[in-house]
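Welcome, and thanks for coming along on this short tour. Please open the structure in your viewer and get ready to select a few residues as we go.

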Amino acid sequence: MSGWLGALAGGGMLILICVLVFAFLRQIGRVGQGFAQTAGRVAAAVLSAGVVFFGLGALLQQVIFQNLESAADYPVYFHTEYLSRVYEAVQEPRWLGPLTGVFVFAAHGLGRVLFEQFTLASIVLSWGMTMIAAGLVFCRLRGIWPSRAAWRGVFLLLCLPGSVFFFLPGWPPMALLLVAALFFFLGKKLPAGQVRLSDAGYFTILSVSALLSAFVMAALVLGRLG
């Protein structure tokens with residue numbers, strides 16, 4: 001119960017800050033309605049994918065081991081040797097390499113704002129980076145593909161096997177953000193084109209990705225991933 005209360009308090013405060021900043025930008029005319037709609041849609045897609053991953057992880061942990069006290073105890077069901085080092089490092093920051101080290105210190109700083117909820121801050125930072133990365137990818141794809149195909153591309157990105165690691169602390173969300181930023185700035189020269197992927201092809205790729213993602217999730221919960 002205390003884990004949920006801490007998560008709700010920290011996450012709620014961060015959401016409130018974001019809403020206030022966004023409302024201020026809208027008020028001074030820095031953010032248009034189109035941008036607001038796109039940002040809201042990207043945020044909804046990322047949040048939905050994250051909730052599914054964390055919900056499935058908690059469900060698998062409870063069904064297999066029956067030792068989960070709260071779904072907010074994500075270090076229990078998302079555990080690898082690497083993640084354990086990151087969970088510890090965000091409490092007392094230390095350098096764990098270029099990408100991981102930067103992430104750890106950023107998450108620790110955010111944790112001081114979120115009522116000393118350092119582990120929660122690492123998750124919030126991961127989700128935030130993934131959200132920004134998805135937004136950058138969509139903005140660039142929309143310049144070369146039809147809007148519907150661009151949305152499908154972003155959704156497939158969130159459903160790829162192993163994409164659960166984009167929502168977990170460490171180097172994956174940072175790497176995703178860096179690659180997305182490079183794609184956004186360097187992809188300006190890509191020619192516009194039409195995506196010739198049928199609905200059947202899209203849903204086939206989506207189904208295969210979902211199936212493989214389920215295997216990755218099971219291996220993660222069972223501790224089979226390093």
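Our starting point is the aromatic rings, and the count of aromatic pairs here comes to nine. Keep in mind that this is a predicted model.

**Stop 1: a pair of neighbours.** Select Tyr-77 and Phe-78. Their rings form an edge-to-face pair, with 4.8 Å from centre to centre and 65 degrees between the planes. Are these residues buried or exposed? Tyr-77 counts as buried because its relative accessibility is 1%, under the 20% cut-off. Phe-78 is buried too, at a relative accessible area of 0%.

**Stop 2: a pair across the chain.** Now select Trp-127 and Phe-167. This aromatic pair is also edge-to-face: the centres are 5.6 Å apart and the planes are at 85 degrees. Which parts of the chain does the pair link? Trp-127 belongs to helix 6, while Phe-167 is in the loop between helix 7 and helix 8, so the pair joins distant parts of the chain, 40 residues apart. Trp-127 has a relative accessible area of 15%, which makes it buried, and Phe-167 is buried with 0%.

**Stop 3: the cluster.** Keep those four residues selected and add Phe-53, Phe-54 and Tyr-74. Together with Tyr-77, Phe-78, Trp-127 and Phe-167, they form one aromatic cluster.

**Stop 4: helix 8.** Next, select residues 171-186. This is helix 8, with 16 residues. From its first C-alpha to its last it reaches 22 Å, close to the 22 Å expected at 1.5 Å a residue. Try colouring its buried residues: Pro-172, Pro-173, Met-174, Ala-175, Leu-176, Ala-180 and Phe-184. What do they pack against? Their partners are helix 5 (98-113), helix 6 (118-144) and helix 7 (147-159).

**Stop 5: charges over rings.** Stay with Phe-184 and show Arg-140 as well. The charged end of Arg-140 sits over the ring of Phe-184, 4.8 Å from the ring's centre. For another arrangement of this kind, select Arg-152 and Tyr-202: Arg-152 lies over the face of Tyr-202, at 4.2 Å from the ring centre.

**Stop 6: Ala-149.** Finish by selecting Ala-149, which you will find in helix 7. Ala-149 counts as buried because its relative accessibility of 15% is under 20%. Add Phe-138 to the selection and look at the C-alpha atoms of the two residues: they are separated by 9.6 Å, with Ala-149 and Phe-138 eleven residues apart along the chain.

Methods: Residues numbered from 1 in each chain as written. Predicted model: local features only at pLDDT ≥ 70, side-chain atom pairs only at ≥ 80, totals over all residues. Heavy atoms only, no water. Helix = DSSP H or I, 4+ residues; strand = E, 2+ residues; numbered from the N terminus. Expected span 1.5 Å × (residues − 1). Buried < 20%, exposed > 50% of the residue type's maximum accessible area, 1.4 Å probe, protein only. Contact = heavy atoms within 4.5 Å. Phe/Tyr/Trp six-rings, centres within 6.5 Å; stacked < 30°, edge-to-face > 60°. Lys NZ or Arg CZ within 6 Å of the ring centre and 35° of its normal.
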